[in-house]
Amino acid sequence: MSQSRHVPVMLQRCLDLLAPALEGPEAVVVDCTLGLGGHSEALLERFPGARLVALDRDKEALRLSGERLASYGERATLVHAVYDELPEVLDKLGIARVQGVLFDLGVSSMQLDEADRGFAYAQDAPLDMRMDQTTGASAAEVLNTYPPGELVRILRAYGEENQAKRIVAAVVREREKEPFSNSARLVELIRDALPQAAKRTGGNPAKRTFQALRIEVNGELSVLERAIPAAVKALDVGGRIAVLSYHSLEDRLVKQVFAAGAATTAPPGLPVVPERYQPRLKLLTRGAELPTEEEIAENRRAAPARLRGAQRIREDAE
């Protein structure tokens, strides 16, 4: 697997967004989603005075990134952790505040490319989908054991799948004959279950179901709900955060946290807004920024990306 072809999504824009906070001496930047280390390497390269703390729950990603970033020595600290564990990680390292935080919420290219991890619907593989394969239930276990109502809820909520009931009815019928173990059987079942009209819209018909299973298996949205506020809290005043998300559920969550931080919390009608009610964040992007057409042409995985940035402008009210 060549690392060179994995172009980090919206890399230049992420670096530019974070730059004003990272150009000083002794800045600390956290890459909450290390993956193959593309963003991390670029951060270390562009900000020679900065120290990097990078998290990933995937041990294989940590091993490969460790090799890639070895030449940076002590400037890079790689930690096996889920990104909502950021406060504990910083605490252990004795870091009170950081100047920059980056999240790239896409599944790492490595996980998509490794057939035996079962993330991709384009090739047959065991239905696993766990980012950390040492813990938790696999996608096959979810499919084989969850009650039908729960599966419908997951496909609707996390996959935004309109045909959830139809797909789940087929899954339940099939799993009674034989439990699911591989992705090809699931892809085929989804193809057969969908009405013709639903198959004609937007890409592989299995895409939404696979997204929903991946989010469920890795607890991604509940982790993110804790992680984004924790990252904002860890920022020094003047510090910046950039978040790349890839579907509307993630983007909505990030938008809500940033919007709440950028709003005044004062009761309506005060003639002068006291300091403690003033916004804590300043938004750095107007809505979500999208990748350019050139970037999408170079890296098709960039197509759904949405980038939001914010700057910490004051401490929390006591």
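Start by selecting helix 11, residues 207-217: nine of its eleven residues are buried, so this helix is largely enclosed by the rest of the structure. Buried here means under 20% relative accessible area, exposed means over 50%, and partly exposed is in between, with a 1.4 Å probe and protein chains only. Helices are DSSP runs of H or I with at least four residues, strands are runs of E with at least two, and both are numbered from the N terminus.

Before going on, a word on the model: it is predicted, so local features need pLDDT of at least 70 and side-chain atom pairs count only at pLDDT 80 or more, while totals for chains, interfaces and linings use all residues. Numbering runs from 1 along each chain as its sequence is written, and side-chain values use heavy atoms, with hydrogens and water left out.

Back on helix 11, show the side chains of the buried set: Thr209, Phe210, Gln211, Ala212, Leu213, Arg214, Ile215, Glu216 and Val217. What do they pack against? Turn on helix 6 (139-145), helix 7, helix 8, helix 9 (183-193), helix 12 and helix 13, and you have the elements that these buried residues pack against. Just after helix 11 comes Gly219, with a positive phi near 55 degrees.

Two of those neighbours make a good next selection: helix 7 (residues 148-159) and helix 8 (residues 164-177), which pack at about 140 degrees with axes 9 Å apart. The axes are lines fitted to C-alpha atoms, for helices over the stretch in contact, and angles between N-to-C directions run from 0 to 180 degrees. Helix 7 and helix 8 are therefore oblique to each other; angles under 35 degrees count as roughly parallel, over 145 as roughly antiparallel, 65 to 115 as roughly perpendicular, and the rest as oblique. For the contact (heavy atoms within 4.5 Å), pick Pro148, Leu151, Val152, Leu155 and Arg156 on helix 7, then Ala164, Lys165, Ile167, Val168, Val171, Val172 and Arg175 on helix 8.

Now hop to helix 12 (residues 220-234) and helix 13 (residues 248-261), whose axes come within 10 Å and cross at roughly 30 degrees. That makes helix 12 and helix 13 roughly parallel to each other. On helix 12, the contact uses Glu220, Leu221, Leu224, Glu225, Ile228, Pro229 and Val232; on helix 13, select Leu249, Glu250, Leu253, Val254, Val257 and Phe258.

Next, go to Ser40, in helix 2 (residues 38-46). Buried or exposed? Ser40 is buried, at a relative accessible area of 0%. Setting aside neighbours within four places in sequence, Ser40 is in contact with Asp31, Leu34, Leu52, Ala54 and Leu69.

Then check the backbone. Most residues other than glycine have a negative phi. Met10 is not a glycine, yet has a positive phi of about 45 degrees. You'll find Met10 in the segment before helix 1 (11-22), buried at 5% relative accessible area. Glu26, also not a glycine, has a positive phi of about 60 degrees. Glu26 sits in the loop between helix 1 and strand 1 (28-31) and is exposed, at 71% relative accessibility.

Finally, zoom out to the whole chain, with its 14 helices and seven strands. Of its 318 residues, 51% count as buried. Among contacts in the chain with a separation of 6 or more, 70% come from residues 24 or more positions apart.
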